[in-house]
Amino acid sequence: MEQVSANRAFGGVEGVYKHASTVTGTDMTFSVYVPPHAEGTKLPVVWYLSGLTCTHANVTEKGEFRAVCAELGLIFVAPDTSPRGPDRNGNPVPDDAEGAYDFGLGAGFYVDATEAPFNQHYRMWSYITEELPVLIAENFPADMDRQSIMGHSMGGHGALTIALNHPDRFKAVSTFAPIVAPSQVPWGQKALSKYLGSDRAAWRKHDTVALIEDGAHIAAILVDQGTADVFLEKELRPELLRAACDTAGVDLTLSLREGYDHSYYFISTFMGDHLRWHAARLFA
């Protein structure tokens with residue numbers, strides 16, 4: 001693991017790191033904020049999964065999380081959203097043929113692709129759930145028995161589906177403007193069909209509403225959604241999550257934030273609320 005940069009912030013260190021991923025077959029970059037702490041102390045970990053077009057840098061530079069993480073004693077981990085080339089043989093990682101923003105580079109959708117040519121490198125599910133946690137545990141003062149996960153948009157989809165598939169690992173999950181039912185919206189239908197193929201049964205592991213309908217359960221979910229979000233009605237559909245949670249008895253806190261959009265102005269406004277919600281569960 002190579003340290004790309006390190007900056008002092010709120011008494012802790014914001015670092016950016018690069019490593020050769022065996023899962024994706026490419027170099028991968030991620031950021032970690034470690035708050036001030038006594039030597040030998042192990043700290044809870046909050047994972048943050050970013051949305052379409054993003055890298056680790058978006059939330060690292062715009063998320064305004066460090067002051068609260070320093071106050072609460074939380075490690076904040078921000079991975080990339082897809083593999084990026086070149087691969088080990090010097091070949092570029094496959095992208096959308098037309099260069100669309102909602103598929104390919106920057107749009108890994110946190111799945112392990114099964115369809116060629118994406119199955120060679122687009123294995124973000126295994127990267128987030130298997131490979132990167134080992135690196136975090138080995139290189140940072142992380143208490144891996146106290147983890148939670150959050151995300152934005154496509155990353156909200158990833159956070160929810162990963163938490164629902166690993167209910168014993170994560171003590172809390174929250175999201176900003178998540179894609180909750182990718183099987184029912186254009187962004188998700190495009191991505192899941194190209195990554196996983198035409199069998200919709202294979203999509204259900206990566207669809208929050210379908211997972212809850214199929215019996216997956218987590219104690220509580222926190223969602224913030226801006227009412228001025230241009231993607232609200234067509235791509236995000238929070239009412240589908242509300243209906244699924246009501247039927248299954250999942251405790252959902254869904255806050256509709258008047259006038260807020262899909263941007264990091266929205267995310268940074270409520271980031272502190274989310275981190276305090278996580279901390280209450282991580283330190284319980």
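Over the face of which residue does lysine 194 lie? In this predicted model, lysine 194 lies over the face of phenylalanine 103, at 5.0 Å from the ring centre. The points below turn to the sheet and the helices that pack on it, then to aromatic rings, and finally to a single loop residue.

**The sheet**
- Nine strands form an open sheet in the order E1-E2-E3-E5-E4-E6-E7-E8-E9, and the pairing within this sheet is mixed.
- Strand E1 (2–9) and strand E9 (251–257) stand at the edges with a single partner strand each, so one side of each is left without a neighbour in the sheet.
- From one strand to the next, the twist averages 20 degrees.
- Strands E1 and E2 run antiparallel and are joined by seven bridges, and alanine 6 stands opposite glycine 15 in E2.

**Helices packed on the sheet**
- Helix H4 (residues 154–165) packs on the sheet, where it touches strand E4 (43–49), strand E6 (142–152), strand E7 (170–176) and strand E8 (220–226), and the direction of H4 makes about 140 degrees with that of E6.
- Helix H9 (residues 264–282) also packs on the sheet, touching E4, strand E5 (75–78), E6, E7, E8 and E9, and its direction makes about 165 degrees with that of E7.

**Aromatic rings**
- The count of aromatic pairs comes to 15, and one of them is the edge-to-face pair of tyrosine 17 and phenylalanine 140, with 5.2 Å centre to centre and 75 degrees between the planes.
- This pair links distant parts of the chain, since tyrosine 17 belongs to strand E2 while phenylalanine 140 lies in the loop between helix H3 (124–139) and E6, 123 residues apart.
- Tyrosine 17 counts as buried because its relative accessibility is 8%, under the 20% cut-off, and phenylalanine 140, at 7%, counts as buried too.
- Phenylalanine 266 and phenylalanine 270 form an edge-to-face pair, at 5.9 Å centre to centre and with 65 degrees between the planes; being four residues apart in helix H9, they are separated by about one helical turn.
- Ring pairs also link Tyr33, Tyr48, Phe65 and Phe76 into a cluster.
- Arginine 281 lies over the face of tryptophan 277, at 3.8 Å from the ring centre.

**Valine 23**
- Valine 23 lies in the loop between strand E2 (12–20) and strand E3 (27–34), and this valine is buried, with a relative accessible area of 12%.
- Leaving aside residues up to four places away in sequence, valine 23 touches Arg123, Ser126, Tyr127 and Glu131.
- Valine 23 and proline 133 are 110 residues apart in sequence, and in space they are 13 Å apart, C-alpha to C-alpha.

Notes:
Residues are numbered from 1 along each chain as its sequence is written. This is a predicted model: local features need pLDDT of at least 70, side-chain atom pairs count only at pLDDT 80 or more; totals for chains, interfaces and linings use all residues. Side-chain values use heavy atoms; hydrogens and water are left out. Helices (H or I, at least four residues) and strands (E, at least two) are DSSP runs, numbered from the N terminus. Buried means under 20% relative accessible area, exposed over 50%, partly exposed in between (1.4 Å probe, protein chains only). Contact means heavy atoms within 4.5 Å. Two strands pair if DSSP finds at least two bridges between them. Axes are lines fitted to C-alpha atoms, for helices over the stretch in contact, and angles run from 0 to 180 degrees between N-to-C directions. Rings of Phe, Tyr and Trp (its six-membered ring) pair if their centres lie within 6.5 Å; planes under 30 degrees apart count as stacked, over 60 as edge-to-face and the rest as tilted. A charge sits over a ring if NZ of Lys or CZ of Arg is within 6 Å of the ring centre and within 35 degrees of the ring normal.
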